[in-house]
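Trainee: Got a minute to go through this one with me? I'd like to start with the folds and then look at the contact.

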Amino acid sequence: MASTEPAAGTAPAAPAAPEPISKVSIIVSKGSLEGIYPALIMANGARAEGIEANLFFTFFGLDAVHRKRIEHVKVATVGNPGMHIPTLLGGLPGMSALATHFMSKRMEEIDIPPIPEFIEMIGDTGAGLYACMASVEMFGLSRDDFVPQIADIITVGDFYAMAAGGQIIFT
Amino acid sequence: MSTATYAGVTVDVNEEGFFEHPEQWTREIAEEIARADGIETLTDRHWQVIDFMRREYAEKGTGPTVRVLGKASGVSVKELYALFPKGPAKMAAHIAGIPKPKGCI
């Protein structure tokens with residue numbers, strides 16, 4: 001059934017160069033700094049390569065495009081073994097703010113913008129930014145709660161229609 | 001390493017078509033690369049970006065990222081993407097005859 005399989009008895013044809021990726025749709029479901037950045041870097045990087053990109057913010061990922069919360073996204077210092085600090089220590093007041101401060105400083109040094117600037121920049125690259133309707137309703141939010149880069153609040157069905165013909169990445 | 005011929009001049013390029021030796025570049029060559037990349041005519045705004053890229057490369061040894069272009073070239077990120085739809089840093093570096101900028105941003 002696989003059409004790429006050579007017919008029995010014939011020599012396999014030289015492998016064709018893989019089709020380049022022309023479109024990505026990236027789902028952002030987490031609200032921590034380390035949960036949001038990879039998606040933004042991938043979306044921005046896609047546009048930089050001339051690849052069409054859509055971002056779909058759902059659940060706590062909505063914080064990345066929430067007018068007020070966008071300024072206060074923090075690194076998770078509890079339940080995050082990658083931090084390499086004991087869980088009880090990570091839970092002390094101010095730990096998350098401290099870790100966020102150091103990580104943000106380091107990111108600025110290597111030319112990665114803070115989240116608000118990054119969202120604005122990604123909007124300017126022509127990527128589509130969308131909020132998930134179910135999550136927006138669940139959190140009791142409305143259009144006015146989001147940054148102007150959010151083009152629309154859409155359903156899962158809308159998302160799949162928009163993602164047609166491209167790759168979907170869940171983060 | 002391979003070569004490409006633009007405006008009657010043979011230049012050294014890498015496997016992606018980026019210049020190995022930016023000193024082989026001329027403005028006539030840029031016009032021809034732009035046409036091959038789908039930009040019919042290079043406007044003053046295109047040139048502003050191209051000239052900025054060459055200056056940055058000469059100073060720093062690497063082409064600027066889109067973020068730097070947006071902040072320092074005098075052309076906004078939005079306009080950069082309108083001028084160079086296939087990715088401003090990459091496309092402008094190609095036309096400007098400098099190596100492809102490295103980096104994730």
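Mentor: We will take chain B, then its contact with chain A, then one residue; keep in mind that this is a predicted model.

Trainee: How many helices and strands does chain B have?

Mentor: Five helices and two strands. In sequence order they run β-β-α-α-α-α-α.

Trainee: And the overall dimensions of chain B, what are they?

Mentor: The C-alpha trace spans about 35 × 30 × 20 Å along its principal axes. The radius of gyration of chain B is 13 Å, which agrees with the value near 13 Å for a compact globule of 105 residues.

Trainee: What share of chain B is buried?

Mentor: Buried residues make up 41% of its 105 residues. As for contacts in chain B with a separation of 6 or more, 52% are between residues 24 or more positions apart.

Trainee: Switching to the contact. How many residues come from each chain?

Mentor: Chain B gives 16 residues and chain A gives 14. On the chain B side, the elements that supply two or more residues are helix H3 (66-72), helix H4 (77-83) and helix H5 (88-96).

Trainee: What kinds of residue are on that side of chain B?

Mentor: Seven are nonpolar, five polar and four charged.

Trainee: Last one, A:Thr87. Buried or exposed?

Mentor: Exposed, because A:Thr87 has 12 C-beta neighbours inside 10 Å, and the cut-off for exposed is 12 or fewer. A:Thr87 sits in helix H2 (residues 87-90) of chain A.

Trainee: How far is A:Thr87 from A:Arg69?

Mentor: They are 18 residues apart in sequence and 25 Å apart in space, C-alpha to C-alpha.

Terms used: Residues numbered from 1 in each chain as written. Chains lettered and ligands numbered in written order. Predicted model: local features only at pLDDT ≥ 70, side-chain atom pairs only at ≥ 80, totals over all residues. Helix = DSSP H or I, 4+ residues; strand = E, 2+ residues; numbered from the N terminus. Buried ≥ 20, exposed ≤ 12 C-beta atoms within 10 Å, placed from the backbone. Rg over C-alpha atoms; globule rule 2.2 N^0.38 Å. Contact = placed C-beta atoms within 7 Å. Nonpolar A, V, L, I, M, F, W, Y, C, P; charged D, E, K, R; others polar.
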